[in-house]
Amino acid sequence: MTNGFMDIKAIKEALPYRYPMLMVDRIQIENETRFVGLKNLCFNELYFQGHFPGHPILPGVLQVEAMKQVFQAGVKCVIDPSGEKDIYLSVLEKVKFRKPNNPGDRMVIEVDVQEMAEGRAVAKCSTKNNSGVTCQAILTLGTRDKSGPTGMPTTLHDEYDVTEGIPMDVNKIMSYVPHRYPFLFIDSIVKVHADEDRVIAIKNTTYNEEIYQGCDPDYPVLPGSIHAEIIAQSGAASVLSRPENQGKLAFFMTIDKAEYFAPIYPGDRIVIDVNVPAAKGRFGKGIGEITVDGEVKTRVALMFAIVDDE
């Protein structure tokens with residue numbers, strides 16, 4: 001790093017991310033509380049192939065991931081002076097997805113730190129392209145000891161495993177949502193409650209997934225931004241399967257608040273419990289919770305828009 005500038009070599013030395021999850025190409029450390037990043041968006045990147053194919057846009061949660069990475073690079077020496085901790089997304093608040101980022105855009109990431117001390121930092125963040133602000137959010141980073149799974153799952157087969165009579169397998173899910181490999185993050189919906197507002201979805205995690213290849217090879221954990229995407233996709237599959245919404249699209253609009261309690265490792269079976277009441281008009285709200293072996297990992301409150309597929 002020279003005069004506060006970080007090229008890709010310096011970024012890779014500061015962050016544990018690699019292809020395909022490294023979401024920043026250059027960073028300028030303007031002062032101790034303001035950092036600016038640049039991410040060039042190219043159609044060759046994997047996530048464009050699986051997110052609204054035919055109308056590729058950058059997933060909103062990857063804008064959040066870009067913010068987190070620039071923020072982490074700027075504050076890591078203060079919040080983790082030993083360099084031995086896991087710096088993680090602790091809380092995500094007031095996220096507004098305002099405009100799309102498309103292949104060919106140059107995305108600028110701005111981070112303004114509000115609080116910073118050992119173990120914790122808070123910042124107001126935004127992403128922009130040539131058309132203006134595309135996303136805004138408040139991020140809180142925390143630190144925790146690095147850990148890992150300590151044994152086999154509590155049960156190897158139970159009510160959440162795929163059976164012939166489940167409401168939606170992955171093919172049925174893909175008939176409703178526009179997500180595809182490598183950005184489809186639910187494998188099945190195994191339960192729909194009587195009021196049809198609440199569903200239980202499942203995602204199996206495995207080290208073979210590209211997303212884990214983009215993490216520290218010695219400490220692969222699922223990025224917090226993807227936790228929110230998993231809950232959003234589960235809610236979208238539920239909403240878009242309803243007769244009045246079939247043939248429509250659901251767009252992520254806001255994350256009111258997301259709280260992250262514990263890491264998710266390869267080999268974990270994620271259970272997603274999502275409650276999305278019928279929307280009044282074009283907009284609806286949902287609340288989701290992720291558990292692994294009964295332990296709560298994440299809670300997210302979000303809002304979405306339902307639009308015609310044009």
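Which residues is D86 in contact with, leaving aside its neighbours within four places in sequence? Select D86 to begin: the residues in contact with it are G142, T143, R144, K146 and Y219, where contact means heavy atoms within 4.5 Å.

Before continuing, note that this is a predicted model, in which local features need pLDDT of at least 70 and side-chain atom pairs count only at pLDDT 80 or more, whereas totals for chains, interfaces and linings use all residues. Residues are numbered from 1 along each chain as its sequence is written, and side-chain values use heavy atoms, with hydrogens and water left out.

**D86 and its partners**

Keep D86 selected and display its side chain. D86 is buried, with a relative accessible area of 8%; buried means under 20% relative accessible area, exposed over 50%, and partly exposed in between (1.4 Å probe, protein chains only). Now add R144, whose side chain makes a polar contact with the side chain of D86 at 2.8 Å. The side chain of Y219 also makes a polar contact with that of D86, at 3.3 Å. A polar contact is a pair of N or O atoms within 3.5 Å; within protein, one must be able to donate a hydrogen and the other to accept it, and residues adjacent in sequence count only if both atoms are side-chain atoms.

**From β4 to β13**

Select residues 86-97 next: this is strand β4, in which D86 lies. Helices (H or I, at least four residues) and strands (E, at least two) are DSSP runs, numbered from the N terminus. Add strand β10 (residues 248-260), which pairs with β4 in the antiparallel sense over five bridges; two strands pair if DSSP finds at least two bridges between them. Here K96 stands opposite T254 in β10. T254 also stands opposite M303 in β13. Strand β13 (residues 295-308) runs antiparallel to β10, and 11 bridges join them.

**Helix α3 and the core**

Move to residues 60-79, helix α3. In this helix, 16 of the 20 residues are buried. At A73, α3 bends by about 45°, the bend being the angle between axes fitted to the seven residues ending there and the seven starting there.

Finally, select F71, L92, V111, I226, I230, I255 and I272, the residues with the most contacts inside the largest nonpolar core, which has 82 residues. Helix α3 gives the most to this core, with 10 residues. A nonpolar core is a set of buried Ala, Val, Leu, Ile, Met, Phe, Trp, Tyr and Cys residues joined through side-chain atoms within 4.5 Å.

How values were computed:
The expected span of a helix is 1.5 Å times one less than its number of residues.
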